[in-house]
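Here are my notes on one region of this model. Please read them with the structure open.

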Amino acid sequence: MKSVKRIEAVYCKLKAMHQGKGISALALADAMGLSRANVSSDLNQLCREGKVTKSDGRPTLFAPGGSIAEAESSETTLDKLVKAGRSLATAVEQAKAAILYPPRGMHALILGETGVGKSMFAGMMHKYAVEMGKLAKNAPFITFNCADYSNNPQLLISQLFGVKKGAYTGADVDRKGLIEKADGGILFLDEVHRLPAEGQEMFFTFMDKGRFRRLGETEEERSANVLIISATTENPESSLLRTFTRRIPMIIRLPQLKERSIEERFGLILLFLKEEARRLDREILVSTNAMRAFLSYNCPNNIGQLKSDIQLACAKAYADYVSYRKECIYISTTDLAGHVKEGLLNTKDHRNDWGKLLSMKNNYYVINPNQAELEDGEMAGLDNVYELIDARVEELKSRGVSQQELEAIMERDIENYFNQFLYGIDKRFKKSNLANIVDPLVISLVEELVKFSEARLDRVLSQKVCLGMALHIQTLVERRRRNESIINPQLNHIRSKYRQEFNLALECSKLIEKRLDISLPVDEAGFLTMFFILDNEKHHTSNGNVGVIVLAHGSATASSMAEVANKLLGVDYAVGINMPLDISPEEILHQLRTCIGTFADCPGFLLLVDMGSLTTFGSIIEKETDIPVRVVSLASTPHVLEATRKAMLGYALEEIYQDVLGITTFNEASFKAKREAPVSSRLAIVTVCLTGEGSAIALKSFLENHLRLPENLFEVIPVNLIGTENIQQRLKKISEKMDIACIVTSFHIDTKVPQFHIQEVLNLKAVSEIQDIVNIQSTYLKMGSTIKYHLKNVDGERVYTDVKHCIALIEEALHVKLSVDSLIGIVLHISCMVDRLKGGGVVVKYCNAAQYITDNRQAYQSIRTALNYLEEKYQINITDNEICYVMNFFEIKEPGEYGL
């Protein structure tokens with residue numbers, strides 16, 4: 001039987017569903033059981049082939065042949081606006097009625113909060129009037145904001161009605177007003193509530209008779225044919241004269257952004273991104289998380305704020321593109337304002353909206369200035385691993401990556417691609433849906449391959465493998481028939497590491513060749529091997545997910561931690577069992593047994609407990625049920641959160657247990673364990689290259705020749721990116737041994753450490769800046785020998801070292817990193833404080849210290865705990881007043897708020 005390509009199936013389904021109106025990619029995808037991204041891609045290809053047409057508005061609609069183009073030729077501006085946003089349907093009908101009302105239209109008042117788009121809507125009414133022939137093509141559209149002259153009523157009225165020469169001092173000539181300029185068109189008065197009562201009276205006279213006088217005229221009357229559209233954010237009954245509102249029978253209310261559908265908001269986001277792409281004349285890539293944030297954050301100033309927030313993100317991304325010579329303009333969450341990022345916080349409320357509009361498999365979206373349709377960036381797509389790998393190899397080669405580097409990177413990437421493929425495939429497809437996109441012959445072949453493989457491997461392959469292999473082989477067939485090559489850059493590694501599975505894959509390849517009458521290179525066996533090895537991973541073999549149960553002393557401790565984790569993750573997964581102090585351990589154990597009995601086919605349980613007898617429950621339950629149980633004691637909310645997240649994703653019990661054990665929480669014990677750890681007394685300048693270690697070493701030599709580096713304080717460390725570690729991991733390892741002063745690199749690195757482009761260093765432009773950093777950092781490192789001459793009661797070098805320990809602990813606790821200038825100041829302050837207190841000096845009072853501490857309790861506790869070390873060592877008493885002064889160095893609140 002001849003294979004039916006997916007694109008052909010999409011075209012046939014579109015023709016079958018078409019009933020005169022267009023069909024969205026999402027509706028078609030739902031009907032076929034396919035992903036929206038794939039259907040959208042196929043529809044766009046059909047458009048390029050001329051078989052399908054699509055609309056310009058949102059949502060984008062598709063139709064076979066020229067149906068949409070014919071229908072759209074009769075669509076007006078306001079019709080398209082309704083298609084893009086159903087919440088505007090009533091407003092659009094009112095606007096149409098106002099424009100078409102005989103003989104010259106009906107004056108209208110647009111109501112709505114700041115930023116809802118009142119000015120834009122008025123402009124569309126003008127365009128509609130031209131389209132319908134109610135106004136001439138060159139009919140004026142004059143906009144005037146009454147707030148601009150609200151403090152000078154006379155000037156405001158003169159702007160609107162014009163001025164007669166000599167009407168007031170400085171009126172040297174006759175001047176037309178906006179009403180005369182708008183003759184034959186529309187005058188739009190924004191913020192009309194700022195129009196003074198005198199002006200309103202003059203206006204309703206004009207609206208009644210179509211006649212007016214310029215300011216200073218007493219006899220001559222003038223006439224103008226002007227349709228008045230006004231707008232206000234206020235209640236018209238309280239802010240406008242009743243005699244004025246009576247003459248405006250058409251009141252149009254525009255909804256706030258929060259009252260509009262999520263689809264409308266999505267369309268607006270794409271519209272604004274498209275405008276910026278056109279302005280920059282470049283594609284803009286937007287990360288999926290950034291799109292989610294734009295869709296979900298609280299936007300009190302409506303469309304105007306949404307547009308400005310998007311423009312700000314584009315500006316930041318463009319600055320990075322220019323400054324760091326990036327290959328594209330890429331908007332990630334780091335480019336978003338803080339209030340926009342908050343849209344990502346409440347996952348539970350927004351997950352359904354994200355799922356409707358954004359594909360879960362895409363890492364980014366492409367905004368093309370010349371295309372109407374949003375393009376998906378499937379960096380980790382699920383349907384065609386060949387194209388992903390081809391693109392990845394080409395990308396790495398274009399960056400000059402060596403063969404050794406390329407192999408190391410692709411070893412990781414290929415496994416990641418298949419892992420994502422198998423993990424998500426069973427949630428997106430059902431076997432019954434395969435017939436829509438996969439040739440029945442391929443389905444039959446896969447069933448044969450699975451039976452054959454299960455017999456050879458002596459284990460049952462999951463449903464994921466069956467579905468995934470069918471889609472993979474369908475893609476394989478299409479690729480071979482297009483004579484496209486199949487190259488597996490990790491073939492030798494896979495063949496040697498997974499010998500049994502690779503030999504099985506070779507036999508499967510031969511069976512595929514025989515059944516489908518195609519030839520396959522040995523590289524394909526490497527890809528097929530991945531289905532067998534990744535299906536055997538621990539976190540894919542369990543029949544269910546690990547159960548997470550929290551047990552803690554107190555009447556609500558356990559249930560509260562479970563509730564917090566569940567709410568943050570948007571699920572009802574973790575279970576909390578409270579142990580009030582008057583309840584015996586035996587009764588709680590009974591409750592635990594009952595709870596475990598409610599789980600079906602659970603592969604294991606993770607018990608998160610606080611202390612005491614609860615820590616023994618795991619071994620008891622495991623012995624009674626023969627189900628694996630692990631116990632984590634001294635559990636806190638972060639432990640419950642991580643355990644629940646990993647369990648939901650299908651991780652194995654042991655994996656979850658080890659990961660949760662690795663979580664540490666901030667407390668005084670961790671301070672005591674860390675405070676004796678040595679603080680780095682050396683600094684590093686890191687040079688990073690992609691072209692191999694030789695380039696990094698050459699750059700190191702260049703810097704050492706052009707910088708004055710203090711002996712035994714600075715070291716230039718060359719780093720090349722061969723291997724599987726990413727740059728962040730490499731920098732973290734270096735920072736564990738010494739502080740990084742700056743980085744010299746050929747690409748931008750997401751870090752707060754100062755960085756300089758290699759080109760800026762080689763042409764000596766950045767050398768002076770790096771030397772300044774070296775000088776300042778050297779001053780800081782040598783402070784011990786400097787301040788010893790200024791302290792009378794303690795050893796300067798010793799207290800300097802101790803103070804640096806404390807500051808490092810505070811920075812870690814507060815998740816901040818002070819600049820060197822700030823460090824110099826705070827080290828000097830605390831060192832002098834210790835010296836003063838040791839000598840019995842006076843304590844300086846801090847104004848409103850109690851209130852300051854109350855408002856910043858966590859920061860206060862962190863700093864207090866760190867400074868305990870100095871109190872113990874130097875036998876001094878550091879009061880709350882002193883701590884408040886230290887808090888100021890970490891910019892905790894504004895000192896001015898507390899009377900300083």
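1. Helix 29 and helix 30 cross in the right-handed sense. This is a predicted model. Helix 29 covers residues 637–648 and packs against helix 30 at an angle of about 155°, with the axes 9 Å apart. Angles over 145 degrees count as roughly antiparallel. The two helices are therefore roughly antiparallel to each other.

2. Which residues make the contact of helix 29 and helix 30? Helix 29 supplies His 639, Glu 642, Ala 643, Lys 646 and Ala 647. Helix 30 supplies Ile 656, Asp 659 and Val 660. By class, the contact residues divide into 4 nonpolar, 1 polar and 3 charged.

3. Now the sheet. It is open, has 4 strands in the order 16-15-17-18, and its pairing is parallel. Strand 16 (575–579) and strand 18 (629–632) are the edges; each has a single partner strand, so one side of each lacks a neighbour in the sheet. On average, neighbouring strands are turned by 20° against each other, direction ignored.

4. Look next at strand 17, residues 605–609. Strand 17 pairs with strand 18 in the parallel sense, over 4 bridges. Phe 605 stands opposite Val 629 of strand 18.

5. Two helices to check against the sheet follow. Helix 28 (residues 617–625) packs on it and touches strand 15 (547–553), strand 17 and strand 18. The direction of helix 28 makes about 175° with that of strand 18. Helix 30 (residues 653–661) also packs on the sheet, touching strand 17 and strand 18. The direction of helix 30 makes about 5° with that of strand 18.

Key. Residues are numbered from 1 along each chain as its sequence is written. This is a predicted model: local features need pLDDT of at least 70, side-chain atom pairs count only at pLDDT 80 or more; totals for chains, interfaces and linings use all residues. Side-chain values use heavy atoms; hydrogens and water are left out. Two strands pair if DSSP finds at least two bridges between them. Axes are lines fitted to C-alpha atoms, for helices over the stretch in contact, and angles run from 0 to 180 degrees between N-to-C directions. Contact means heavy atoms within 4.5 Å. Angles under 35 degrees count as roughly parallel, over 145 as roughly antiparallel, 65 to 115 as roughly perpendicular and the rest as oblique. A crossing is left-handed if the near helix is turned anticlockwise from the far one by less than a right angle, and right-handed if clockwise. Ala, Val, Leu, Ile, Met, Phe, Trp, Tyr, Cys and Pro count as nonpolar, Asp, Glu, Lys and Arg as charged, and the others, Gly among them, as polar.
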